Amino acid sequence: MSGAWSDFFLGALAGIFGSTVLLGLYVQRGSRKKTSSLLRRREEKIRHAQHLRLSMGPHIVALGGGTGLSTLLRGLKRYTRNITAVVTVSDEGGSSGRLRQEWGMLPPGDIRNCIVALAEDDNYLNNILNFRFDRGELSGHNLGNLILLAATEIAGDFRTAVEEMNNLLAIRGRVLPVTTEAIQITAKLQDERILRGELEISKEGSFIRDIWLEPSDVTPLPEILEAIEKADILVLGPGSLFTSVLPNLLVPDIAKALRESGKPIIYVANLMTQPGETEFLSFEDHIFWIKKLLQKWPDYVFANNGTIPKNIIEKYKRDGAVPLTDSKESSDYTCIAEDFLTIERDLLRHNSNRLAEEIIRLYKYATPSQEYEKL
């Protein structure tokens, strides 16, 4: 082949090769864009389908406080977005107590925990909103509490601030304080002494003879009463008996609405007794207090029958806590004993997924007038 033809051939080949590469890159880029677009549309369809599924879920009202209620909510949000979390506002300790004393606001800590629990991505939000300052004037405060404080100052009231946080974080449900009035838990002991406030009661709750709120005629938010009326199922706890669960029942209109709802009421019993607060109370004593304030027995009681390792039992015993287990059958309520236990860094916690599964199973297959049947 002559040199001219050789140069022409090589040049043409290079041109064809180059064009092919460019065309390949163009097609590849277009393919990637198409694939990316398809993935986005697919994700949007999945999110839409999930939203529809959760929107059709049961209407659940859960009442409590502390870490127990937020634990329950993390499991329930997998099944429904029709959740109303009703949170007690009697907390006096930690960051919440300081903000209550210094700013006159209702304690935000338990509400913050519940909002985070119902958020789409609770892990990321948990890191942000539960960030605790460790120095300076902000030492001991949570960022989420301060955000709620700022929202309260801007909105002018705590209720609106909480609603704004619900909307801002697009949570699966809503979180509401049981009341926007300043309240204090008060109790009379068996020796006639009077205890005032959550901190005092948490130290000597086992000897309480009577308990009430001051003021006694506190009113709940109207939205809570509406939610109870629409609810398919009602849940009390888990949480500290006298300082998280019972304060909600001490609001007269709340107890009345629950009592007259005709819907299944579940009480989720704690895993262990609490030093000071319920140190000498039995499983049945816990149920008795629910019945005393509700003026009716709960329809179902969830009790843990999962095995607790001996070393952890011994650790809790040293602090004055023992397992809280069902010890006798009752004709007044149905006890559902399951393994609701999970262990995190040698600390006993309720398994949020197992609790939610059992609640949804009960909602589907049982009513207060029916026997609960395991399927």
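Begin by selecting Tyr-267 together with Val-301, its bridge partner in β9; in this predicted model, strands β8 and β9 (residues 300-304) pair in the parallel sense over three bridges. Keep β8 on display and add strand β7 (residues 233-236), which also pairs with β8 in the parallel sense, again over three bridges. Across that pairing, Val-235 stands opposite Ile-266 in β8.

Next, colour the residues of β8 itself, which runs from 265 to 268. In a regular strand the side chains alternate between the two faces of the sheet. Which residues lie on each side of β8? Ile-265 and Tyr-267 are on one side, Ile-266 and Val-268 are on the other, and all four are buried, so that both faces of the strand are covered.

Now centre the view on Ile-266, which belongs to strand β8. Ile-266 counts as buried because its relative accessibility is 0%, where the cut-off for buried is under 20%. To see what surrounds Ile-266, show the side chains it touches beyond four places in sequence: Ile-233, Leu-234, Val-235, Leu-236, Tyr-300, Phe-302, Ile-359 and Leu-362. If you then draw a distance between the C-alpha atoms of Ile-266 and Gly-237, you should find 8.5 Å, although these residues are 29 apart along the chain.

From the end of β8, follow the chain into the loop that leads to α12 (283-294), and select Thr-278 there. Is this loop residue buried or exposed? Thr-278 is buried, because its relative accessible area is 1%. Beyond its neighbours within four places in sequence, Thr-278 is in contact with Ser-206, Leu-241, Phe-242, Thr-273 and His-286.

Move next to α3, where the residues to select are Ser-95, Ser-96, Gly-97, Leu-99 and Arg-100, the buried residues of that helix. With α4 and α6 (143-155) also shown, you can follow how the buried residues of α3 pack against these two helices. Just after α3, stop at Gly-104, which takes a positive phi of about 75°.

The next stop is the largest pocket. Rolling a probe the size of a water molecule over the atoms shows where empty space is left. The largest pocket has a volume of about 1400 Å³, and it is lined by 49 residues; select Gly-66, Thr-67, Gly-68, Thr-71 and Arg-349 to find those that lie nearest its centre. Two or more lining residues come from each of α2 (66-76), α3 (94-103), α4 (109-118), α8 (198-204), α10 (241-249), β11 (341-344), β12 (347-350) and α14 (352-365). Which element gives the most to this lining? That element is α2, with six residues. If you colour the lining by class, you will have nine nonpolar, 30 polar and 10 charged residues.

Finally, zoom out to the protein chain as a whole, which has 14 helices and 12 strands. Of its 375 residues, 47% count as buried, and the chain exposes about 19100 Å², of which carbon and sulfur atoms supply 52%. Among contacts between residues at least 6 apart in sequence, 72% join residues at least 24 apart; the contacts of Ile-266 with Ile-233 and Ile-359 are examples to revisit in the viewer.

Definitions and conventions. Residues numbered from 1 in each chain as written. Predicted model: local features only at pLDDT ≥ 70, side-chain atom pairs only at ≥ 80, totals over all residues. Heavy atoms only, no water. Buried < 20%, exposed > 50% of the residue type's maximum accessible area, 1.4 Å probe, protein only. Contact = heavy atoms within 4.5 Å. Areas by Shrake-Rupley, 256 points an atom, 1.4 Å probe, with all protein chains shown as cover. 1 Å grid on protein atoms, 1.4 Å probe; cavity = no way out; pocket = protein on both sides within 12 Å on 5 of 7 lines; lining within 4 Å. Points joined across faces, edges and corners; volume = space filled by probe spheres on them. Nonpolar A, V, L, I, M, F, W, Y, C, P; charged D, E, K, R; others polar. Pairing = 2+ DSSP bridges.
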